[in-house]
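Here are a few exercises to work through with the model open in your viewer. Try each task before reading its solution.

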Amino acid sequence: ARATRVAAVDIGATSGRVMAVTIGADGIFMEELHRFPNGLCDVSGHLVWDYTRLTDGVVEGLRAAAESGPVDGIGIDTWAVDYGLLDEDGNLLGSPVCYRDERTTSAVERFPLSSERLYSVTGIQHQRFNTVYQLAADKAGLAPVSDRLERAARLLLIPDLLAYDLTGVAVTEATNASTTGMFDATTRTWSPEVLAAAGVEESLFGRLVEPGTVIGPVTDRVAAHTGLAVGTPVIAVGSHDTASAVAATPGLTRGGAFISSGTWSLVGIELSAPVLTQAGRAANFTNELGVDDTVRYLRNVMGLWLLTECLRSWAAAGNHLDLQELLDDAARQPVGVAVIAADDEAFLAPGDMPARIAAAVQATGGVVPQTPSQFARCIIDSLAHAYARTIEQASRLTATPIDSVHIVGGGSRNALLCQATADATGLLVHAGPGEATVLGNAIVQARTLGALSGSLDDLRAIVAASFPPTAYTPAAAPTDKGQPARKAV
Ligand code: LFR
């Protein structure tokens, strides 16, 4: 039988891609078919996503997939929490607003349920950008289309919105639904209590589906437009990108911590049931739902956003730097002289990142970075430190001994960061694959199509066979190197 070939659509904060992933007897092969830019746009004073650019990119990529071979299935993953609102006729009521927009800052305080109660139901960490707070902002008219929630017949999270455009079928995929802050972490269904507090009806959402469910065939119009075979299925995957990344993390078992390292770094462990303690809430740990009834017990750390935003600021000032050269220079800088709390909300919004980092270092009494390579060193050390602290907390809060760290995503290619993580945690680091999200998307599709079978462990072993991780050994027992002047625990 010929190998199975699926299209994986994976869209992040800075770019989207359509990849062809072929899964056959001799392993897994990936081919990037189309890459398109994504980014924030300012519309009427709000940060929004240019949704047309995303749909155009997806269609273009699917056309390239159809031209270059058979397409047995299509899966879509993106970042979490953001959504589009559709009217009765299925028209999008303005561009989806980005979670980094400031509109949620006031909504958070006015929410009728206490954060203790919210957490004991949803297990979701308090982030001002959670969907539940964004809806409160919509209620207050804080969006370019100010009455869009009133007029909305449907709310679809971004991957579900894209799937709806391809199939005409409205679903809500469960891993991403968990990030809304309105989902019951134990029952994996909407919480009536939280929906009532948020003032939205359950009928606003599409049918709930778990990863691995066929959403529907592409419409005949989409087939004609892209050259895809009539009836090509769109399959729900872990549509939250982090769910897909963790699903394809080689060798992740109890005892291993994961770091999905990209624009964000998502740091934690996989559990079979949520941990909803107030101690976990106080430490801002989240229980996001994963593929195959798993739970991702994690905290958001700012990630390489700190570095890319610095690069953007320097470029705006005429200083265009090459990322790899910058990291090479950073490797020659002294370690641990400036460490900031890399999970601070102060770094969430875009704009003048070097100034914000410098201010944060100043506040800790560290050596304020002056040059780009000193900033890069500070960011790497701060990330590694945040990783170590978060893993240690996850271990303590769930009584799970941790013996290894698995870094996947773009950051797994960053040797400086991987070594710094091994050193800061004192644990063996397994790095890669860099494309875990796309692989997680593809293997869930392949299992639905019958090309793969077995548990998540089995699927991870198949990923590991084609993409063996790189090991980083801690230089020595963890030392005080890389510890901040003032611990923020
Ligand atoms: C990573 C990610 C994180 C989520 C953040 C915002 O791309 O999906 O998991 O917290 O983006 O949606």
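**Before you start**

This is a predicted model: local features need pLDDT of at least 70, side-chain atom pairs count only at pLDDT 80 or more, and totals for chains, interfaces and linings use all residues. Residues are numbered from 1 along each chain as its sequence is written.

**Exercise 1. Work out the order of the seven strands in the open sheet, and say which stand at the edges.**

Step 1: Find the strands, which are DSSP runs of at least two residues, numbered from the N terminus. Strands pair if DSSP finds at least two bridges between them.

Step 2: Follow the partners across, and you get E17-E18-E16-E15-E19-E20-E21, with mixed pairing.

Step 3: Look at the ends: E17 (286–289) and E21 (470–472) each have a single partner strand, so one side of each is left without a neighbour in the sheet. From one strand to the next, the twist averages 30° (axes are lines fitted to C-alpha atoms, for helices over the stretch in contact, and angles run from 0 to 180 degrees between N-to-C directions).

**Exercise 2. Describe how E20 and E21 pair, and find the helix that packs on the sheet there.**

Step 1: E20 (residues 428–431) and E21 run antiparallel, joined by three bridges. One pair to check is His430 with Ala471 in E21.

Step 2: Now add helix H16 (residues 415–425), which packs on the sheet and touches E19 (404–408), E20 and E21. Contact here puts C-beta atoms, placed from the backbone, within 7 Å, and a helix is a DSSP run (H or I) of at least four residues. The direction of H16 makes about 155° with that of E20.

**Exercise 3. Take strand E18 (residues 295–301): is it mostly covered or not, and what pairs with it?**

Step 1: Count burial: seven of the seven residues in E18 are buried, meaning 20 or more other C-beta atoms, placed from the backbone, lie within 10 Å of a residue's own.

Step 2: Split E18 by face. Val295, Tyr297, Arg299 and Val301 are buried on one side, and Arg296, Leu298 and Asn300 on the other.

Step 3: Check the neighbours. E16 (residues 265–271) pairs with E18 in the antiparallel sense over seven bridges, and Leu271 has Val295 as its bridge partner. E17 is also antiparallel to E18, with four bridges; there, Thr286 partners Leu298.

Step 4: Finish at the hairpin of E17 and E18, with five residues between the strands, where Asp292 takes a positive phi near 55°.

Conventions
Contact = placed C-beta atoms within 7 Å. Buried ≥ 20, exposed ≤ 12 C-beta atoms within 10 Å, placed from the backbone.
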